[in-house]
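Reader: I'd like a close look at one part of this model: the place where the ligand sits. Could you walk me through that, then work outward from there?

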Amino acid sequence: FSGDDEELVNLEDEVFNPNMTAFKHQNVEDLYELLEKLGSGHFGEVKKCREKNTGTLYAGKFIKTRKCKGSRMGLDREQVEREVSILRQLEHPSIMRLYDVFASKAEMVLILELIRGGELFDFIAEKEALSEEDAIVFLEQILKGVAYMHSRHIAHFDLKPENIMLLERDVPHPKIKIIDFGLAQKLEDGTVFKSLCGTPQYIAPEVINYEQLGPPTDMWSIGVITYILLSGLSPFQGETDAETLTNVVAGNYEFDDRYFKETSDMAKEFIQQLLLKDPRDRMTAVECLIHPWIKPLTRKQAAN
Ligand SMILES: COc1cc(-c2ccc3ncc(-c4cccc([C@@H](O)NCCN(C)C)c4)n3n2)ccc1O
């Protein structure tokens with residue numbers, strides 16, 4: 001403890017809250033030198049950090065937490081604890097790593113793997129659309145990370161190009177890292193999880209209809225991401241969020257020939273097998289990885 005009241009955390013939480021995730025309560029600046037701000041989001045800021053003992057560089061996600069339950073400022077401590085608990089269960093090349101966590105009365109800090117290549121969203125924006133070969137290189141990595149997550153009974157629930165970053169950018173085949181597990185959930189057998197959170201363009205019909213969510217909800221988002229990777233267009237986007245949500249619930253999308261003229265039938269079939277209103281009908285991440293568009297069975301299929 002630094003002795004400063006602001007730094008002191010209510011010990012009672014530690015003793016009577018067995019689910020409380022163990023966070024370091026010393027000041028993060030005792031162990032890490034804070035460098036430039038890398039960016040910000042709904043959660044707070046991301047800063048480059050250097051570990052003093054080793055000189056290793058990390059990304060620090062600085063999250064303002066609510067001082068009291070009713071406050072609108074900051075995130076719920078439990079929400080951050082859930083994200084940390086989930087990140088601690090995940091270790092995969094396509095998912096950014098969590099190394100350390102700190103908590104004070106008003107802030108929590110996640111020390112994360114530093115990702116230097118920016119967001120996939122920006123990468124696509126610069127290229128407008130990717131070739132099918134390039135899209136498949138990204139998608140296969142995303143699907144392997146999502147299949148791993150789902151095998152651990154964890155769903156992300158906020159998959160979108162902004163939450164997929166590139167470890168390095170100017171390399172032949174960039175490695176992707178899935179970030180932002182702020183909406184992720186551990187899916188317990190027998191419990192029904194519903195939520196109205198997410199980003200309109202990417203959320204599945206069951207989110208809008210407030211029905212049970214699960215791994216298929218992520219698979220719908222993968223369908224939307226694939227559509228965007230190949231065309232630069234968002235399949236359900238309307239003039240307003242309300243119109244977008246109406247399009248999603250209606251499953252109302254098309255392959256506009258102006259953008260999909262050159263796209264293979266196999267790629268379109270892959271998307272169609274994900275953008276299905278009934279979650280039970282959608283491909284799983286494992287089924288996607290053996291779909292002939294992603295993993296051609298024969299040289300002839302690959303030539304299509
Ligand atoms: C674990 O959750 C997050 C991790 C990160 C993260 C992890 C490692 C890392 N290395 C570099 C960066 C970085 C670099 C520039 C901008 C940002 C961030 O402000 N934008 C990415 C997220 N976007 C959806 C707001 C993040 N990050 N960001 C960002 C947001 C998260 O919710």
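Author: Before we start, a polar contact here is a pair of N or O atoms within 3.5 Å. Keep in mind, too, that this is a predicted model.

With that cut-off in hand, take E83: one of its polar side-chain atoms sits 3.4 Å from an oxygen atom of the ligand, so the pair counts as a polar contact under the 3.5 Å limit. Two backbone contacts go with it. A polar backbone atom of S40 is 2.9 Å from an oxygen atom of the ligand, while a backbone N or O atom of I115 is 2.9 Å from a nitrogen atom of the ligand. Looking at the whole surround, you'll find 19 residues around the ligand, with G39, S40, K61, I115 and D180 the closest.

Now for the sheet. It's an open one, five strands in the order 1-2-3-5-4, paired antiparallel. Strand 1 (32-41) and strand 4 (98-103) are the edges, each pairing on one side only. From one strand to the next, the twist averages 25°. Zoom in on strand 3 (residues 57-64) and strand 5 (residues 107-112), and you see an antiparallel pair with six bridges. One bridge links K64 to E107 of strand 5. Helix 3 (residues 77-87) packs on this sheet and touches strand 3, strand 4 and strand 5. The direction of helix 3 makes about 15° with that of strand 5.

Moving on to the helices, let's use helix 7 (residues 215-231) as the anchor, beginning with its packing against helix 10 (residues 265-272). Their axes are 8 Å apart, at an angle of about 150°, which means helix 7 runs roughly antiparallel to helix 10. Helix 7 brings G223, T226, Y227 and L230 to the contact, and helix 10 brings A267, F270 and I271. By class, that is five nonpolar residues, two polar and no charged.

Helix 7 also packs with helix 5 (residues 132-151): the two axes come within 11 Å and cross at roughly 170°. So helix 5 is roughly antiparallel to helix 7 as well. On the helix 5 side you have E132, A135, L139, I142, L143, V146 and H150, meeting P215, D218, M219, I222, T226, L229 and L230 of helix 7. This contact has ten nonpolar, two polar and two charged residues. Notice T226 and L230: they meet helix 5, and they are also part of the contact with helix 10.

Definitions and conventions. Residues numbered from 1 in each chain as written. Predicted model: local features only at pLDDT ≥ 70, side-chain atom pairs only at ≥ 80, totals over all residues. Heavy atoms only, no water. Axes fitted to C-alpha atoms, helices over the stretch in contact; angles between N-to-C directions. Helix = DSSP H or I, 4+ residues; strand = E, 2+ residues; numbered from the N terminus. Parallel < 35°, antiparallel > 145°, perpendicular 65-115°, else oblique. Contact = heavy atoms within 4.5 Å. Nonpolar A, V, L, I, M, F, W, Y, C, P; charged D, E, K, R; others polar. Pairing = 2+ DSSP bridges. Near = heavy atom within 4 Å. Polar contact = N/O pair within 3.5 Å; in protein donor to acceptor, adjacent residues only side chain to side chain.
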